[in-house]
Amino acid sequence: MRTSKLRHMRETRGMTQREVADAIGVGQVIYFRYENGQRAVPYSAAKKLSKLYDVPLEDIFLPKMMTNRYF
């Protein structure tokens, strides 16, 4: 099973799903579904995740090969 970027970012920072859910203002079950690809992440939550992890949105939601910056 492939680990999602959201899960990897959360675990790298030592956070629980509950902590992330609270930080972005959603329930833990909703965040679980975001992390496991069972529910689309709305733009408002995506912006909060980007700010929480201090990374651009594309680093979270685009495939790695599309985020390489050649410019």
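In this predicted model, a convenient place to begin is the end of helix H1, where Gly14, just after the helix, takes a positive phi of about 70°. Within H1 itself, which spans residues 5-12, the buried residues are Leu6, Met9 and Arg10. Because these residues cover an arc of only 100° around the axis, they lie on the same side of H1. An α-helix has 3.6 residues a turn, so residues three or four places apart point the same way. The buried residues of H1 pack against H2, H3, H4 and helix H5, the last of these running from 57 to 61.

Helix H2 (17-24) comes next, and in this helix Gln17, Val20, Ala21 and Ile24 are buried. They too cover an arc of only 100° around the axis, which means that they sit on the same side of H2. What covers the buried residues of H2 includes H1, H3 and H4. H2 is followed by Gly25, whose phi is positive, near 80°.

The two helices can now be placed within the nonpolar core. The largest nonpolar core has 12 residues in all, among them Leu6, Met9, Val20, Ala21 and Ile24, as well as Tyr31, Tyr34, Ala45, Leu49 and Tyr53. At least two residues of this core are supplied by each of H1, H2, helix H3 (28-35) and helix H4 (43-53). In soluble globular proteins, nonpolar side chains tend to be buried together.

Val55 and Ile60 also belong to this core. Leaving aside its neighbours within four places in sequence, Val55 is in contact with Met9, Arg13, Ser50 and Ile60.

Conventions: Residues are numbered from 1 along each chain as its sequence is written. Side-chain values use heavy atoms; hydrogens and water are left out. A nonpolar core is a set of buried Ala, Val, Leu, Ile, Met, Phe, Trp, Tyr and Cys residues joined through side-chain atoms within 4.5 Å. Buried means under 20% relative accessible area, exposed over 50%, partly exposed in between (1.4 Å probe, protein chains only). Helices (H or I, at least four residues) and strands (E, at least two) are DSSP runs, numbered from the N terminus. Contact means heavy atoms within 4.5 Å. The arc is that of the directions from the helix axis to the C-beta atoms.
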